[in-house]
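Open the structure in your viewer and keep the sequence panel in sight. The tour goes from the whole chain to single residues, one selection at a time.

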Amino acid sequence: MSGTGAPEIATFASGCFWGVEHIFLKHFPPAENKGILKTAVGYTGGKEDSQNPDYRTVCSGATNHAEAVRIEFDPSVVRYEELVEFFYRSHDPTTANQQGNDVGTQYRSAIFYNTPEQLEVAKRVTEEVQKKHFDHKGKKIVTEIVAAGPWWDAEDYHQKYLFKNPSGYQCPSHRLHW
């Protein structure tokens, strides 16, 4: 770690987790000391009685979990607010339970905050992004901002999937929108 800050966790859902993890790591590669230390894709935000879900169950919609990325980052190198703004830049936060052709609650747009400070930053950045990028288009951000709950890593084959499978499916919504 190049900075001096204790690592923090950011948790985001914005469609298929393959593309979410991929775009964050492309723009904040750990090897280049841009602040992200490591990532994992997995499941969070589901029903309390749905413990340790697997991909097939999550995709059925029965658990209400979101496909998400858990980012360990160095706040002395990249601030949480920068990651939140990048999260908004890299998907369409105005579509409920959908990114591109991927439809279902597991593809919802959500920020899972881990501290009260992250909640305040997420609310503030959401308001700023709404005003700057969506008000003039007549669109409304529908991103959920909720407390982080239990996290389950996805199966190993999902981790860094698009780096292992460069020609694998990537949702067209996962690009920089501004």
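**The whole chain**

Of the 178 residues in the chain, 48% are buried (buried means under 20% relative accessible area, exposed over 50%, partly exposed in between, with a 1.4 Å probe and protein chains only). This is a predicted model, in which local features need pLDDT of at least 70, side-chain atom pairs count only at pLDDT 80 or more, and totals for chains, interfaces and linings use all residues. Residues are numbered from 1 along each chain as its sequence is written, and side-chain values use heavy atoms, with hydrogens and water left out.

Colour the chain by secondary structure. Five helices and eight strands appear (DSSP runs numbered from the N terminus: helices are H or I with at least four residues, strands are E with at least two). Followed along the sequence, the pattern is β-α-β-α-β-α-β-β-β-α-β-β-α.

Now show the C-alpha trace, which spans about 40 × 40 × 35 Å along its principal axes. The radius of gyration of the chain is 15 Å, which agrees with the value near 16 Å for a compact globule with 178 residues (it is taken over C-alpha atoms, and the globule rule is 2.2 Å times the number of residues to the power 0.38). Of the contacts in the chain with a separation of 6 or more, 79% are between residues 24 or more positions apart (contact means heavy atoms within 4.5 Å).

**Helix H1 and its cover**

Select residues 17-27, which form helix H1. How many of the 11 residues of H1 are buried? Nine are, and H1 is mostly covered. The buried ones are Phe17, Trp18, Gly19, Val20, Glu21, His22, Ile23, Phe24 and Leu25. Their cover includes strand E1 (8-14), E2, H2, E3, H3 and helix H5 (161-164).

**Where H1 meets H3**

Add residues 80-89, helix H3. The axes of H1 and H3 come within 11 Å and cross at roughly 125° (axes are lines fitted to C-alpha atoms, for helices over the stretch in contact, and angles run from 0 to 180 degrees between N-to-C directions). H1 and H3 are therefore oblique to each other (angles under 35 degrees count as roughly parallel, over 145 as roughly antiparallel, 65 to 115 as roughly perpendicular and the rest as oblique).

Show side chains here. From H1, Ile23, Phe24 and His27 meet Leu83, Phe86 and Phe87 of H3. Sorted by class, this contact of H1 with H3 has five nonpolar residues, one polar and no charged (Ala, Val, Leu, Ile, Met, Phe, Trp, Tyr, Cys and Pro count as nonpolar, Asp, Glu, Lys and Arg as charged, and the others, Gly among them, as polar).

**Ile36 in strand E2**

Next select Ile36, in strand E2. Ile36 has a relative accessible area of 1%, so it is buried. Its C-alpha atom is 8.4 Å from that of Phe24, 12 residues away along the chain. Beyond its neighbours within four places in sequence, Ile36 is in contact with residues including Phe24, Leu25, Ile71, Phe73 and Leu83.

**Two loop residues**

Most residues other than glycine have a negative phi. Select Asn52, in the loop between strand E2 (36-44) and helix H2 (55-60). Asn52 has a positive phi of about 50°, and its relative accessibility of 54% makes it exposed.

Finish at Asn64, in the loop between H2 and strand E3 (66-73). Its phi is also positive, near 65°. Is Asn64 exposed or partly exposed? At 30% relative accessibility, Asn64 counts as partly exposed.
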